[in-house]
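Here is a short set of exercises to work through with the structure open beside you. Each one gives a task and then a solution in steps.

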Amino acid sequence: MRARAQDNMRVSVLDAVRFLLLLQAVAPPPASCITVTCPAELHASSGDDVLLSCSFKSSETPTSKMMVDWSYRPQSGGAPQTFFHFSSQVFLPHDGPFRGRIRWRGVPARGDASIALVNATLKDNGTFTCSVRNPPDVHGSPTSQTVLTVTPRAASIRFSDVAVLLAFVLLPSAAITLFLIGRMLCPKKKKLSQSRAYRSPIEVTEGEEFDAPPPGKGRSTCCELYLTDSEDDDDYYDLKKRPPGDEDYAESRF
């Protein structure tokens, strides 16, 4: 009895093992999963080039069957519209608002499916969706979204505009300042010419050269004229204070 029971148990175990092996051979392999990641938000100014980043992780090596799709839904709402496709080669948009403004920046071997948006405008505000499929990785999280916000560019003053403005302001100011400094340094010139114009012939001493400058010298400066005038005035006052001599007495007699 015991031997028969043991034989029955062995048969049961062998049947169970065979059933499990058969089930494993018939059952389909477990499905792989792919994960796609994009930044939640992007901010840019009008006229900027924006990198729409998209990365993915897959248990399978990317092959020619891998596909990347980018779609866009305006901020005002509506159904998403696909404008970019990649499958072994790049398919850029031939019409629509993104025509001529999309650049492929992805490297599938590194898990990168990014694109670049050139010259962003306020009309580009909306949601961009990246979708990646790498068979047999077709399940999991094959899509991810990015909300792009484009704002007007702040007004800025260029260096050339500042340089022109400074030139129009500083140059006239510098010329006026130099002119005033020149007038302050030589204030006696006009007074000196007036005093010599009304000078009496009696006050001119013998041997004094009134008009002609000393030989070998150019035109006298305002400072030299002032010094000459001061010396002539000193000689005139000394002559008046000096007591009359014999020569003056002799002249008075005749």
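**Exercise 1. Take stock of the whole chain.**
Find how many helices and strands the protein has, and how much of it is buried.

*Solution.* Keep in mind that this is a predicted model.
- Step 1: the secondary structure comes to 5 helices and 12 strands.
- Step 2: the protein has 254 residues, and 22% of them count as buried.
- Step 3: turn to the surface, where about 19,400 Å² is exposed and carbon and sulfur atoms supply 59% of that area.
- Step 4: among contacts with a separation of 6 or more, 59% join residues 24 or more positions apart.

**Exercise 2. Examine a nonpolar surface patch.**
Identify the residues of the patch, then decide whether Val-169 is buried, partly exposed or exposed.

*Solution.*
- Step 1: the patch is formed by Val-164, Leu-165, Leu-166, Phe-168, Val-169 and Leu-170. Together they have about 610 Å² of accessible area.
- Step 2: place Val-169 in helix H2, which covers residues 159–185.
- Step 3: partly exposed lies between the 20% and 50% limits. Val-169 has 45% relative accessibility, so this residue counts as partly exposed.

**Exercise 3. Check the backbone in three loops.**
Work out which peptide bond is cis, and what sign phi has at Ser-88 and at Asn-119.

*Solution.*
- Step 1: the bond from Pro-135 to Pro-136 is cis, with omega near 5 degrees. Pro-136 sits in the loop between strand E10 (126–133) and strand E11 (139–141).
- Step 2: Ser-88 is not a glycine, yet its phi is positive, near 70 degrees. You will find Ser-88 in the loop linking strand E6 (81–86) and strand E7 (90–91). Its relative accessibility is 52%, so Ser-88 counts as exposed.
- Step 3: Asn-119, also a non-glycine residue, has a positive phi of about 55 degrees. This residue belongs to the loop between strand E9 (115–117) and E10. With 43% relative accessibility, Asn-119 is therefore classed as partly exposed.

**Exercise 4. Trace the lining of a pocket.**
For the second largest pocket, which strand gives the most residues to the lining?

*Solution.*
- Step 1: list the lining, which consists of Tyr-72, Pro-74, Gln-81, Thr-82, Phe-83, Pro-93, Asp-95, Gly-96, Pro-97 and Phe-98.
- Step 2: match residues to strands. Strand E5 (67–74) and E6 each supply at least two of them.
- Step 3: E6 gives the most, with 3 residues.
- Step 4: finish with the volume, as about 190 Å³ of space lies in this second largest pocket.

Notes. Residues are numbered from 1 along each chain as its sequence is written. This is a predicted model: local features need pLDDT of at least 70, side-chain atom pairs count only at pLDDT 80 or more; totals for chains, interfaces and linings use all residues. Side-chain values use heavy atoms; hydrogens and water are left out. Patches are made of residues with over 30% relative accessible area and no salt bridge: like charges are joined within 9 Å, nonpolar side chains (Val, Leu, Ile, Met, Phe, Trp, Tyr) within 5 Å. Accessible areas come from the Shrake-Rupley method with a 1.4 Å probe; for residues, only the protein chains shown count as cover. A salt bridge is a side-chain nitrogen of Lys or Arg within 4 Å of a carboxyl oxygen of Asp or Glu. Helices (H or I, at least four residues) and strands (E, at least two) are DSSP runs, numbered from the N terminus. Buried means under 20% relative accessible area, exposed over 50%, partly exposed in between (1.4 Å probe, protein chains only). Contact means heavy atoms within 4.5 Å. On a 1 Å grid over the protein atoms alone, a cavity is a set of points where a 1.4 Å probe fits but cannot get out, and a pocket is an open set with protein on both sides within 12 Å along at least five of seven lines; lining residues have an atom within 4 Å of a point. Grid points are joined across faces, edges and corners, and a volume is the space filled by probe spheres set on the points.
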